[in-house]
Structures are given as structure tokens and as C-alpha cells.
Amino acid sequence: MSNSPESPLDFSYETRPARVVFRPGAAVSATPAEAARLGLHRVLVICGSRGEDVARSVADALGDSCAGVHAGARMHVPAEVADRAVEAAREVGADGCVAVGGGSAIGLGKAVALRTGLPLIAVPTTYSGSEMTSVWGLTEHGAKRTGRDPSVQPRSVVYDPGLTLALPVPLSVTSGVNALAHAVEALYAPDASPLVSLMAEEGVRAMTGALRRVAEAPGDLEARGRALYGAWLCGACLGATTMGLHHKLCHVLGGTFGLPHAETHTVVLPYALAYNAAAAPQAIAALSRALDTDDVPHALRQFAGDLGAPRTLAELGLKESDLSRAAAEVATESYPNPREVTAHGVLGLLTAAYEGWEPRAGGE
Ligand code: NAD
């Protein structure tokens, strides 16, 4: 869709069927019914080691429909971790999976779905948005591969704000900004459309408002619900569009340089947006409305910093000597972006994010 406000409407929009149940307590009260709707009688519950208690309560609620719990999820789905989960699903004769956790647990559930074709139910405990997409990721020999496949899109998503009460504030903030990044890039994506833009603007408004409240009162269930609602909208934007420079940068910084996922999104987003701002006026207008500001990159950086998030790539462990290598890697790959991506331009962006300079429109 064109970024000019005067342009005639011209877009394609495709959405995949996904059922969403959203209510406090739903992990335990609604997951068994969701499994039954899909005709599942032997589900494998998948989680990470830190999320095992919550996953076990979901497994208990599933009763005889639960064939086992596999607590093997790890960040970025290493191939051997996926192999073990597939084996576990085969060993218990699973007819489906329920992933309980953040993007890592859901990512592992997707890897099992990709390899076995088993249907997946997602019960998210962070704001990553992975549950709303058909995007899978696998890490092998130090490189992360991603792809899209309809078989990995969760058939049903159970949003239970109660599960996020224990998500520490720093993780809540960075995970929430990770969600914002999906909405931001959906606004200037080549396959943007009016409905996606509405979801993106509302997602940004809901998430930023909620995160301020969560930071003040992490136990505020209503604020947690608003944040999860924002995550749903932002995740749906990610599922419906093709991401640009920002996601590519974070993919390279995480995959090649080992930087942490949500924190990297949080530091980079204001700079990527500053780089693209002049080429994406409609996106900037929507974000200005949602954030009530006339300087969106500055406001985003201020917002995350005020809530205690990291502000520089240096803080996340990137070395100054890695900047040119990262810029070159990002610039050589092709992906849609409203502004031309050059190694020189990306190096300017990364240097500013490394040092923590004020993000400036133009990005260099
Ligand atoms: P994560 O799932 O790794 O979770 C981060 C940490 O928080 C973990 O230690 C986890 O145990 C803990 N945690 C999760 N929920 C918790 C809770 N409620 N209370 C306390 N601790 C909790 O991190 P993430 O940011 O959710 O996901 C990142 C991964 O997801 C990355 O691999 C990323 O590539 C992937 N991802 C994929 C998509 C997609 O569409 N495929 C979208 C976004 C992210």
C-alpha cells in the first residue's frame, strides 16, 4: 500500500483462520475445551524449564488428554532441541501440542508442527506475538533460519493475562517493545493494508499505555490484560505483513552476534524508525497519533528508557569492531524497506544505537 495519504486504496489482505480465547484464568479453564474442539486426545505440553510450573497446571487441567510435558524449550530453537521435542512427541504418540510460554516455547511447538504436521495450541506468557504468525525459526551451525509455513500457525491461541503477572518488569518492557516493532514495520510494509494499519495503531496505543501501568504495578491484572491485547494486535500485524530493515537488523544481531532478542529490538527500534521516517510518512502519522507525540523515534526511546530498558547496543554486549560486519551483512540481503538500505546508512544507524545517541530522522 502506498504511503501517501492521497493515494487511492490498493492492497491485498490475507489472514489465516486462528481462534483466540482471551480471559483471565483461560489457560486452565479454556485449554482443555480448545484441545477437544480440535479433536485432540493425546497432546504434548511444551515449555521451557522456567515455565514448567505453569505448563504443569495446564497439563493437569488437560487430564487424560495430556500425553506428557516436555520442558526443553530454549531461545532461538536450536536444531537439536527441536529434534528432541519431535522425538518426545513421537514417543508418547501425541496427536497435537500445546506450547505454554514465550516466543521460545511457542517456537519449539512450531518446529514440532513443521516436522510432524501436528496441530498446535499456543498459550503465550510474554508479548512476543509469535502465536499469531506462521513464521518458524531454527538455529543450526550458529545461523538462524526462518520461514513461513501455514502448518505452524497455532490453530487456537489461549490468552490468559494471569500468566503474565509473573513476567518481571524488565522482561515485560522489552517483550512489549518487541511487539511494538511488529506494528511499526507493518505500518510501512509493502503488503500493508487498512485493516492491518488499524490494528497496528491500536496495538501501539494499547501496549504503551499498558506497559506504563505494568511498570508501576506489575500485579495489575487489568493492565496485564491490556498489554496482552496489544501483543495480540501487534502479533497479528506481524503475521499479516512482511517485515523490513528493523527485523532484519535484529535477526542479524541476535543470530550472528548472539545479542538477546527482545532487548535488541528495544534498543534498535527508535533508530530503525528514524532511518525510515522520511520514507514512511503515513506510518509516522499513525504512530504520532498512538503515542501522542510529534517526534516518534525520540518518544519511543524515551518511553523504553524511562521504564528501565537498555538504551545502547554496547550495553547488550556488541563490540564496536562488530558494527561494520553487522552493517555489511544487513546491507547485502534483500528485503522490503521504505528507504534504500546501504551499508553506509546501516553503519550510521548501528553506530548511533551502539553509542546511544539521540535518534535523528535520516538515521545517519
Ligand atoms: P522467551 O520465550 O525466550 O522468554 C524469555 C524468558 O522469560 C525465558 O527465560 C522464559 O522462561 C521467561 N518467561 C517467559 N514467560 C514468563 C512469565 N510469564 N513469567 C516469568 N518468566 C517468563 O522470550 P520471548 O521474547 O518471548 O521470545 C523470543 C523468541 O521468540 C526468539 O527466539 C524470537 O526469535 C522468537 N519470536 C518468534 C516470532 C515468530 O513469529 N516466529 C515472533 C516473535 C519472537
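**Two domains and a ligand site**

Modeller: Zero salt bridges are counted between domain 1 and domain 2. This is a predicted model.

Biologist: What would make a pair count as a salt bridge?

Modeller: A side-chain nitrogen of Lys or Arg must lie within 4 Å of a carboxyl oxygen of Asp or Glu. Between domain 1 and domain 2, the count of such pairs is zero.

Biologist: How many salt bridges does the rule give, and what makes Arg205 and Glu201 one of them?

Modeller: The count comes to 11. Arg205 and Glu201 meet with their side chains at 3.0 Å, N to O. The cut-off is 4 Å, so the pair qualifies as a salt bridge. Both residues sit in helix H7 (residues 194-216). They are four residues apart, about one turn of the helix.

Biologist: Which stretches of the protein chain are the two domains?

Modeller: The domain assignment gives 19-164 as domain 1 and 169-355 as domain 2. Their centres, taken over C-alpha atoms, are 25 Å apart.

Biologist: How do you know that domain 1 and domain 2 are in contact?

Modeller: Contact needs heavy atoms within 4.5 Å. By that test, 21 residues of domain 1 are in contact with 25 residues of domain 2. The two domains bury about 1,900 Å² between them, and 64% of that is on carbon and sulfur atoms.

Biologist: How many residue pairs are in polar contact across this interface?

Modeller: Eight, with both residues at pLDDT 80 or more. On the side of domain 1 that touches domain 2, strand E1 (19-22) and strand E7 (143-148) each supply at least two residues. E7 gives the largest share, three residues. That side of domain 1 divides into eight nonpolar, nine polar and four charged residues.

Biologist: Now the ligand. How many residues surround the ligand, and which are closest?

Modeller: There are 21, and the closest are Ser104, Thr125, Thr126, Thr133 and Lys144.

Biologist: What makes Thr125 a polar contact of the ligand?

Modeller: An N or O atom in the Thr125 side chain is 2.7 Å from a nitrogen atom of the ligand. The limit is 3.5 Å, so Thr125 passes. The side chain of Thr133 has an N or O atom 2.7 Å from an oxygen atom of the ligand. Therefore Thr133 passes too.

Biologist: Where does His76 lie, and how far is its polar side-chain atom from an oxygen atom of the ligand?

Modeller: His76 is in the loop between strand E3 (66-73) and helix H4 (79-91). The distance is 3.0 Å. That is within 3.5 Å, so this is a polar contact.

Biologist: Why single out the phi of His76?

Modeller: Most residues other than glycine have a negative phi. Phi of His76 is positive, near 65°. Val77 lies in the loop between E3 and H4. Phi of Val77 is also positive, near 45°.

Terms used:
Residues are numbered from 1 along each chain as its sequence is written. This is a predicted model: local features need pLDDT of at least 70, side-chain atom pairs count only at pLDDT 80 or more; totals for chains, interfaces and linings use all residues. Side-chain values use heavy atoms; hydrogens and water are left out. Domain bounds come from an automatic or database domain assignment. Buried area is the accessible area (1.4 Å probe) that two parts lose on being put together, summed over both. A polar contact is a pair of N or O atoms within 3.5 Å; within protein, one must be able to donate a hydrogen and the other to accept it, and residues adjacent in sequence count only if both atoms are side-chain atoms. Ala, Val, Leu, Ile, Met, Phe, Trp, Tyr, Cys and Pro count as nonpolar, Asp, Glu, Lys and Arg as charged, and the others, Gly among them, as polar. A residue is near a molecule or strand if one of its heavy atoms lies within 4 Å of it.
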